[in-house]
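Trainee: Could you take me slowly through one part of this model, please? I would like to see how a single site is put together.

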Amino acid sequence: MAGLCGSFKACHCCTARIGPSVLDCDTAMLATEAARALRAGADYLHLDVMDGNFVPAISFGANVIGKLRAHHPKVFFDCHMMVAKPEEQVEQVAQAKAIHPDTKKNLLQFTFHIETTKSRGKTQEVIDLVKQNGMLVGLALNPATPVEHVLPYLDQVDMALVMTVVPGKGGQSFMVDMMEKVRHVRAKYPEKDIEVDGGVKVHTVDEAAKAGANMIVSGTGVYKVEDMALAISTMKRSVELYGNGLTEDKLSPLRYDKDLAGYAAS
Ligand code: DX5
Ligand code: ZN
């Protein structure tokens, strides 16, 4: 559906969603830390699985995602699989499957990297496998990977993830030159979810929003700031303003931690 965005080149009608990455929260308190972000306005959780192979670090795996599901049965999980052989983890991650009881929406997405499958000729196979296991499919590409590598598959996937840092750790700087890829995908797919991940914070989100990203991952930009609710609501408003073309009076309200029920400053 075309929007009413007038001069906004990247205008689209994809819902603005903010997905905190839990990589840099207190992961010993994962369910609680996730709840803190959700209460502060997060729309979904971005769960970074790292295998010490595709990226040097190891984070957590399918087992932890399954345990987290028990604490958050109605929350959308975007599982960012930074693993060398994603096909080996599809069935385990699918254990965390859930359907929202009211909206009937699928709450589990398996997002894998094209770099792990293209050279092995397995991209199509993994897409099919993820779907057979009842999950939504996300396809990610690293900063060094040309956007042309994912284009042949975008019709079949639910979301494109444009990495805005070299994957592996939180707290890196946003690579603004990746916005060309976002613009390219948005121009071809006005209704497709496009996610950006890496270095997205209140002062960098406008670039991503203007390019057409609607799913905003932020790790340190959510967990390492003074006011989590303000950071989340500010980023959401950026997508609504620059991506959806809403006027100021129609934007989601700014929210502050101090106004959240039961908020206790630490
Ligand atoms: C990086 C991960 C990101 C990371 C984002 O490899 O995929 O999800 O946690 O963290 P920030 O927002 O701090 O760059
Ligand atoms: Zn990630």
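Mentor: Let's look at the zinc ion (ligand 2) and its donors, then at what lies around ligand 1, and finish with a helix. A word on conventions: residues are numbered from 1 along each chain as its sequence is written, while chains are lettered from A and ligands numbered from 1 in the order in which they are written. The model is predicted, so local features need pLDDT of at least 70 and side-chain atom pairs count only at pLDDT 80 or more, although totals for chains, interfaces and linings use all residues; side-chain values use heavy atoms, with hydrogens and water left out.

Start at the metal. The zinc ion (ligand 2) has four protein residues as donors: H46 through NE2, D48 through OD, H80 through ND1 and D197 through OD, at 2.0 to 2.3 Å. A donor here is an N, O or S atom within 2.8 Å of the metal (3.2 Å for Na, K and Ca), and sites may look incomplete because water is not among the atoms. Along the chain, these donors follow the spacing H-x1-D-x31-H-x116-D. Six donor atoms make angles of 73 to 176° at the zinc ion (ligand 2), and the site is octahedral. That label asks that opposite donors be over 155 degrees apart and all others between 65 and 115. Ideal angles for six octahedral donors are 90 or 180 degrees. H46 and D48 are both buried, meaning under 20% relative accessible area; exposed is over 50% and partly exposed is in between (1.4 Å probe, protein chains only).

Now move to ligand 1. It is surrounded by 20 residues, and G168, D197, G199, G219 and T220 are the closest; such residues have a heavy atom within 4 Å of the ligand. Two of the zinc donors, D48 and D197, turn up here again. The side chain of D48 has an N or O atom 2.9 Å from an oxygen atom of ligand 1. D197 places a polar side-chain atom 2.7 Å from an oxygen atom of ligand 1. From the backbone, a polar atom of G168 is 2.7 Å from an oxygen atom of ligand 1.

Lastly, helix α5 (residues 179–188) buries M179, K181, V182, V185 and R186. Those buried residues line one face of α5, because they fall within an arc of 150° seen down its axis. On the other side, A187 and K188 are exposed.

Terms used
Helices (H or I, at least four residues) and strands (E, at least two) are DSSP runs, numbered from the N terminus. The arc is that of the directions from the helix axis to the C-beta atoms. Four donors count as tetrahedral if all angles lie between 85 and 135 degrees; four count as square planar and six as octahedral if opposite donors are over 155 degrees apart and all others between 65 and 115; anything else is irregular. A polar contact is a pair of N or O atoms within 3.5 Å; within protein, one must be able to donate a hydrogen and the other to accept it, and residues adjacent in sequence count only if both atoms are side-chain atoms.
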